[in-house]
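Work through the exercises below with the sequence and the coordinates open. Try each task before reading its solution.

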Amino acid sequence: MVAKDERRLRVGVLGCGQIAQAAHFESANKAVNAELTAICDVAPDLLARMAAMHAPSKTYSSYDAMLADPEIDAVIIATADAFHVPAARAALSAGKHVLTEKPAGISVEEIELLKGEVAASGKVLQVGHMKRFDAGLESAKDFIDGEMGELLAIKAWYCDSTHRYAMTDAVQPLIVTSAGSKRPAGDPKADRQRYFMLAHGSHLLDTARYFGGPIAEVDARFLNRFNAYCWFVDIAFENGAFGHLDLTIPVRMDWHEGFQIYGEKGSVVGKTYNPWYYKTSDVDIFRESTGATSRVLGADGHFYRRQLEGFARTILDGAPMRGADIEDGLACVRGMVAIAESVKTGKPVRLADVTGAV
């Protein structure tokens, strides 16, 4: 166990649901430069159970009360997607820094409003695209930015598996639920096409942007057969490079996620594992100058903890943000809206032209 830093970011977690239980509580307790100061949930039984398990200094049943606590520096928003923007706006208004789960929100307009409030607040807001803290992806990004030269093309795929729960339930904590939990109106999972895009497509789009830079346009096709959902998306990056994304959920095989990147002075091939294994991606970087391939050893694969530590370093030390900022969050939602519009119209759609919700 690594010793904690003397100076630590005091964190309050909003929401005691699945993502908090599987990732954020443990991350706050393990992070060297953060501590779990408070947790908040409206369900008293769930709040008491999580407090007993994770030992925060304080518990709150009221989000407003947690935000009023001067001993809390930042909040992690671990709620349903529909609550991300309202919770982030409230936190900024209360003078707190924000690490919000992805996607940043569900509509272009609400995130544009949030963007303005982030700028006015002077606070740090980071979107929880935790794959940016995968050491394998970081090594690819460093190569692209520093050595690869001009980018030609990126192919990336994210294919959830019919067997994922049988494989990951053994390594995840038993998720505790409560009838008293706060839920958005309706069932967010009822529209599977929309739900899969928000939950999984947001990862794929952010990975493409992380490597290739801003996306100008998408041209998407969609197919639904035997309860499987498949999007093939051609991308035009603003830098002129090509891209192709494959989002298929679920595939009748093992979890299948990765990328191929072709550049002027080399190429990158990556295989990414299900995130609940906390295993760094296998990323092979080929350098044309040497004719050799290298791979970083990413022994530390706790992306959620590394994400929180990066967030804390930005706040405490003024370090550059390595995670996704509000511009990245907005671009991701624009991308998802554009894909839906392209599927509907059968035509390419520019991200700058889209409005509305996913």
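## Cavities, a histidine and a strand

The second largest cavity holds about 60 Å³ of space. A cavity here is a set of points, on a 1 Å grid over the protein atoms alone, where a 1.4 Å probe fits but cannot get out; lining residues have an atom within 4 Å of a point. Points are joined across faces, edges and corners, and the volume is the space filled by probe spheres set on them. This is a predicted model: local features need pLDDT of at least 70, side-chain atom pairs count only at pLDDT 80 or more, and totals for chains, interfaces and linings use all residues. Residues are numbered from 1 along each chain as its sequence is written, and side-chain values use heavy atoms, with hydrogens and water left out.

**Exercise 1.** Find which element gives the most to the lining of the second largest cavity.

Solution.
- Step 1. List the lining: Met197, Gly201, Leu204, Leu205, Trp231, Val233, Leu245, Asp246, Leu247 and Ile339.
- Step 2. Assign elements, which are DSSP runs numbered from the N terminus (helices, H or I, at least four residues; strands, E, at least two). H8, strand E9 (228-237) and strand E10 (242-251) each give two or more residues.
- Step 3. Pick the top contributor: H8, with four residues.
- Step 4. Sort by class: eight nonpolar, one polar and one charged. Ala, Val, Leu, Ile, Met, Phe, Trp, Tyr, Cys and Pro count as nonpolar, Asp, Glu, Lys and Arg as charged, and the others, Gly among them, as polar.

**Exercise 2.** Place His203: is His203 buried or exposed?

Solution.
- Step 1. Locate His203 in helix H8 (residues 192-212).
- Step 2. Read its relative accessible area, 8%; His203 is therefore buried. The cut-offs are under 20% for buried, over 50% for exposed and partly exposed in between (1.4 Å probe, protein chains only).
- Step 3. Leave aside neighbours within four places in sequence. His203 then contacts Lys102, Met130, Lys131 and Tyr158, where contact means heavy atoms within 4.5 Å.
- Step 4. Check the largest cavity, of about 70 Å³. Its lining includes His203, Lys131 and Tyr158.

**Exercise 3.** Describe the surroundings of strand E4 (residues 74-77).

Solution.
- Step 1. Split the side chains: Ala74 and Ile76 point one way, Val75 and Ile77 the other, and all are buried.
- Step 2. Find the strand partners (at least two DSSP bridges per pair). Strand E1 (residues 9-14) runs parallel to E4, joined by four bridges. Strand E5 (residues 97-101) also pairs with E4 in the parallel sense, over four bridges.
- Step 3. Name residue partners: Ala74 bridges to Val11, and Val75 stands opposite Val98.

Conventions. On a 1 Å grid over the protein atoms alone, a cavity is a set of points where a 1.4 Å probe fits but cannot get out, and a pocket is an open set with protein on both sides within 12 Å along at least five of seven lines; lining residues have an atom within 4 Å of a point.
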